[in-house]
Amino acid sequence: IEIGSNSINAKSISALVTPSVVSISVKTTTGGGTGSGSIYKSSSSTSYIITNNHVVEAAATSGTIKVEFADGEEIAATIVGRDRMYDIAVLQVKKGNLPAIALGDSSKVSVGDEVLAIGSPLGLDHTVTSGIVSSLNRAVVTSGASATSTQSYVDAIQTDAAINPGNSGGALIDTRGNLIGINTAIFSNNGGSMGIGFAIPVNLAKQVMESIVGNGSVTRGW
């Protein structure tokens, strides 16, 4: 990877980042779903995974969550904490020494920057798509897992990298192979990619993640 270049090397970055991106499978008594996530931190025995709240909230009170790694291994996961407002959740798995994803700086992202989206759209694990940052500071409101719940994303990153159902919680990567956003929502008339996707900026997500890992929840001033 050529550091400092604004030209993305999709092959090299995919090989670098894919081991840090996971597929997430949720099963409940009423059904289930799939999503994506990224390895945020890892110690010798435990690892934390960042994803969207709407990917796992159906299993918050009952059900099971499994995480599948790039090598095909599946392991049970538990929810450390969730934040509905920013649609962020942190999972924990009892497996250590995993490759944590490198965090970028979303405040330095510009319109026109090349990006990759990595996740499991439609259950197709570790799919890589490419595009650019189409716009910044988009206020996006989407429905959550229940018909009455909503989440609002402040200053979302808009991208034309193909994002489909199942990409939620996956990684938006810059030309250096760093995580700059959590792929979260699409604008679509048919349920599939129309080239308008949105990601939670990593700087915002990092604040939420650190609060969840440190305290189990997120607190805010009012």
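1. The largest nonpolar core of this predicted model has 24 residues, and the members that touch the most others are Val17, Ile50, Ile88, Ile173, Leu179, Ile182 and Met209. At least two residues of this core come from each of α1 (10-17), β3 (47-51), β6 (88-93), β7 (114-119), β10 (171-173), β11 (179-186) and α3 (202-215). Helix α3 provides the largest share, 6 residues. In soluble globular proteins, nonpolar side chains tend to be buried together.

2. Ile173 illustrates how this core is put together. Apart from neighbours within four places in sequence, Ile173 is in contact with Ile8, Ile13, Val17, Ile101, Glu114, Val115, Leu116, Ile118, Asn178, Leu179 and Ile180. A second core, separate from that one, comprises 17 residues, among them Ile49, Ala59, Ile75 and Ala77.

3. Helix α3 merits a closer look. Its 14 residues span 19 Å between the first and last C-alpha, close to the 20 Å expected at 1.5 Å a residue. The buried residues of α3 are Val202, Leu204, Ala205, Val208, Met209, Ser211 and Ile212. An α-helix has 3.6 residues a turn, so residues three or four places apart point the same way. Just after the helix, Gly216 adopts a positive phi of about 85°.

4. In helix α1, attention may be drawn to Ser14. This serine counts as buried because its relative accessibility is 15%, under the 20% limit. Beyond neighbours within four places in sequence, Ser14 is in contact with Pro19, Leu116 and Val128.

5. Strand β4 (residues 64-68) presents two distinct faces: Ile65 and Val67 are on the covered one, whereas Thr64, Lys66 and Glu68 are on the uncovered one. In a regular strand the side chains alternate between the two faces of the sheet. Strand β1 (residues 21-28) runs antiparallel to β4 and is joined to it by 5 bridges; Ser23 has Glu68 of β4 as its bridge partner. Strand β5 (residues 74-83) also pairs with β4 in the antiparallel sense, over 4 bridges, and here Ile65 stands opposite Ala77 of β5. The hairpin of β4 and β5 has 5 residues between the strands, and Gly72 takes a positive phi near 95° there.

6. Two residues other than glycine with positive phi should be inspected together. Asp87 has a phi of about 55° and is placed in the loop between β5 and β6. With 0% relative accessibility, Asp87 counts as buried. Asn137 has a phi near 60° and belongs to strand β8 (residues 127-143). In contrast to Asp87, which is buried, Asn137 is exposed because its relative accessible area is 56%, over the 50% limit.

7. The structure contains 3 salt bridges. Glu57, Arg82 and Arg84 are linked in a network of them. The bridge of Arg82 with Glu57 has its closest N and O atoms 3.9 Å apart; Arg82 is in strand β5 and Glu57 in the loop between α2 (53-56) and β4, 25 residues apart. In the bridge of Glu57 with Arg84, the closest N and O atoms are 3.8 Å apart. Arg84 lies in the loop between β5 and β6, 27 residues from Glu57. Within this network, Glu57 is buried at a relative accessible area of 12%, while Arg82 is partly exposed at 26% and Arg84 is partly exposed at 47%. Side chains of opposite charge can pair when their charged atoms come close.

8. The side chains of Glu73 and Lys95 form a further salt bridge, at 3.2 Å from N to O. Since Glu73 is in the loop between β4 and β5 and Lys95 in the loop between β6 and β7, the pair ties together parts 22 residues apart in sequence. Glu73 is partly exposed, with a relative accessible area of 30%, and Lys95 is partly exposed at 26% relative accessibility.

9. For the overall picture, the secondary structure comprises 3 helices and 12 strands. Of the 222 residues, 49% count as buried. Among contacts with a separation of 6 or more, 63% are between residues 24 or more positions apart. The accessible surface is about 10100 Å², and 49% of it belongs to carbon and sulfur atoms.

Methods:
Residues numbered from 1 in each chain as written. Predicted model: local features only at pLDDT ≥ 70, side-chain atom pairs only at ≥ 80, totals over all residues. Heavy atoms only, no water. Core = buried A, V, L, I, M, F, W, Y, C linked by side-chain atoms within 4.5 Å. Buried < 20%, exposed > 50% of the residue type's maximum accessible area, 1.4 Å probe, protein only. Contact = heavy atoms within 4.5 Å. Expected span 1.5 Å × (residues − 1). Pairing = 2+ DSSP bridges. Areas by Shrake-Rupley, 256 points an atom, 1.4 Å probe, with all protein chains shown as cover. Salt bridge = Lys/Arg side-chain N within 4 Å of Asp/Glu carboxyl O.
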